[in-house]
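User: I would like to go through this model term by term. Please set each value against its definition.

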Amino acid sequence: MNAQKRYEIFARLREHNPEPTTELDWATPFELLTAVLLSAQATDVGVNKATARLFPVANTPRAILDLGLDGLKEHIRTIGLYNTKAENLMKTCRILVEQHGGEVPRTRAALEALPGVGRKTANVILNTAFGEPTIAVDTHIFRVANRTGLAKGKDVVEVERKLLRHVPNEFLKDAHHWLILHGRYTCVARRPRCGSCVIEDLCEYPDKVDIG
C-alpha cells in the first residue's frame, strides 16, 4: 500500500469520526488504568458497569488499598477473572503509592513494571491518558491492519512498528482509536461489513463482502 492511499484512509476515518476515543468510562489516568486492567476478556460495557460501582467509592490507589482485596472483589465480581484482576490491581495500587506518589507514571518502562500491565496496556495509557502518539495493537487493529493492507505483520509488535512507521504524523495520535473502532463495528472478524465501509474502495482485501 502506498503512502497516498494510507493518507486517504485516515483522512476518511477522521472525517467520519473527528474526535475518536475509548469506549471505557474514565476521568483520570488512574481510572483509565484501572478500567484497562479490568478489560481483559471482558466487554467495555461490562467494565463500565463495574467501574460505575467502584469509582464513586474508590478511584485512587490509596482508596482502593483502603477498600481492601475483598471489598474490591465485591465491586468487580461481575467481570470475568475478577479474582486475578483484583489481586493485580491491589499490587499495582501499592506500587503507585510507594513508588510514584499515587500517580500513574508517564513512561513505558514504569508502566510495564506494574502487575498486569503489558505493552498493549502501556500503549493505551500513554496514548489515551497522556496523548502520546502510540498504537496499542489488539485483535481488532491486528485484523484491520493486515486485512486492509495498511500494515501487514505476523505478530502485534511487527504491526505496531509498521503502523508507527507508515501512519502520517497528523493522524498518529488518534490512529489507535480509529482502527479499533473500525475493527469493532465495520471490519469485523467473520463477515466484514464492506458495504457500509467508508474506506472500502481503498482497502486491499481481496475477499470483500458486499453487506452493510
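User: What share of the 212 residues is buried, and what makes a residue buried?
Analyst: Buried means under 20% relative accessible area, with exposed over 50% and partly exposed in between (1.4 Å probe, protein chains only). By that cut-off, 49% of the 212 residues are buried. This is a predicted model: local features need pLDDT of at least 70, side-chain atom pairs count only at pLDDT 80 or more, and totals for chains, interfaces and linings use all residues. Residues are numbered from 1 along each chain as its sequence is written, and side-chain values use heavy atoms, without hydrogens and water.

User: Why does the radius of gyration agree with a compact globule?
Analyst: The radius is taken over C-alpha atoms, and the globule rule is 2.2 Å times the number of residues to the power 0.38. For 212 residues a compact globule would have a radius near 17 Å; the protein has 18 Å, so the two agree. The C-alpha trace spans about 55 × 30 × 30 Å along its principal axes.

User: How many helices and strands are there?
Analyst: Ten helices and zero strands. Both are DSSP runs, numbered from the N terminus: helices are H or I with at least four residues, strands E with at least two.

User: Which residues make the contact of helix 8 with helix 9, and what is their character?
Analyst: Helix 8 (residues 139-148) and helix 9 (residues 156-166) have axes 10 Å apart. Contact means heavy atoms within 4.5 Å. Helix 8 brings Ile 141, Phe 142, Ala 145 and Asn 146; helix 9 brings Val 156, Val 159 and Leu 163. Six are nonpolar, one is polar and none is charged. Ala, Val, Leu, Ile, Met, Phe, Trp, Tyr, Cys and Pro count as nonpolar, Asp, Glu, Lys and Arg as charged, and the others, Gly among them, as polar.

Definitions and conventions
Axes fitted to C-alpha atoms, helices over the stretch in contact; angles between N-to-C directions.
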